[in-house]
Amino acid sequence: MLKRVRIVKKATGQQVAEFPLLLDDKASEQSFFDKAWFRAIDEGSVIEANKINYEIAFTD
């Protein structure tokens, strides 16, 4: 299943990342969010320790 996930900075509403993610059909919503979060960390788009400052959601 392909879904697009975006990460937005809560304080400013600025989108800092958006990823198309492919997971199996049994994957939970949290699985998509976790995968997007760790990808954003790897790319330097977010600060790992500040997860509370970001909102993660599907774009569709």
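Mentor: Accessible area comes from the Shrake-Rupley method with a 1.4 Å probe. Keep in mind that we're looking at a predicted model. Here the protein chain exposes about 4,000 Å².

Trainee: What share of that do carbon and sulfur atoms supply?

Mentor: They supply 48% of the exposed area. As for burial, a residue counts as buried at under 20% relative accessible area, and 30% of the 60 residues here make that cut.

Trainee: Which order do the helix and strands come in?

Mentor: Going along the sequence, you'd read β-β-α-β, so to speak, with one helix and three strands in total.

Trainee: What does the radius of gyration say about the chain?

Mentor: A compact globule of 60 residues would come in near 10 Å, and this chain has 11 Å, so the two agree. The C-alpha trace spans about 35 × 20 × 15 Å along its principal axes.

Trainee: Which residues touch the most other members of the largest nonpolar core?

Mentor: That core has 16 residues, and the ones you're after are Val5, Ile7, Phe19, Phe32, Trp37 and Val46. β1 (2–9), β2 (15–22), α1 (29–43) and β3 (54–58) each give two or more residues to the core. The top contributor is α1, with six.

Trainee: What does Phe19 touch, leaving out residues up to four places away in sequence?

Mentor: Contact means heavy atoms within 4.5 Å. Phe19 touches Lys3, Arg4, Val5 and Ile7, along with Ala36, Arg39, Ala40 and Glu43.

Trainee: And how far apart are the mean positions of the positive and negative charges?

Mentor: They sit 2 Å apart, taken over 9 positive and 10 negative charges.

Methods: Residues numbered from 1 in each chain as written. Predicted model: local features only at pLDDT ≥ 70, side-chain atom pairs only at ≥ 80, totals over all residues. Heavy atoms only, no water. Helix = DSSP H or I, 4+ residues; strand = E, 2+ residues; numbered from the N terminus. Rg over C-alpha atoms; globule rule 2.2 N^0.38 Å. Buried < 20%, exposed > 50% of the residue type's maximum accessible area, 1.4 Å probe, protein only. Lys, Arg positive; Asp, Glu negative; His and termini not counted. Charge placed at Lys NZ, Arg CZ, Asp CG, Glu CD. Core = buried A, V, L, I, M, F, W, Y, C linked by side-chain atoms within 4.5 Å.
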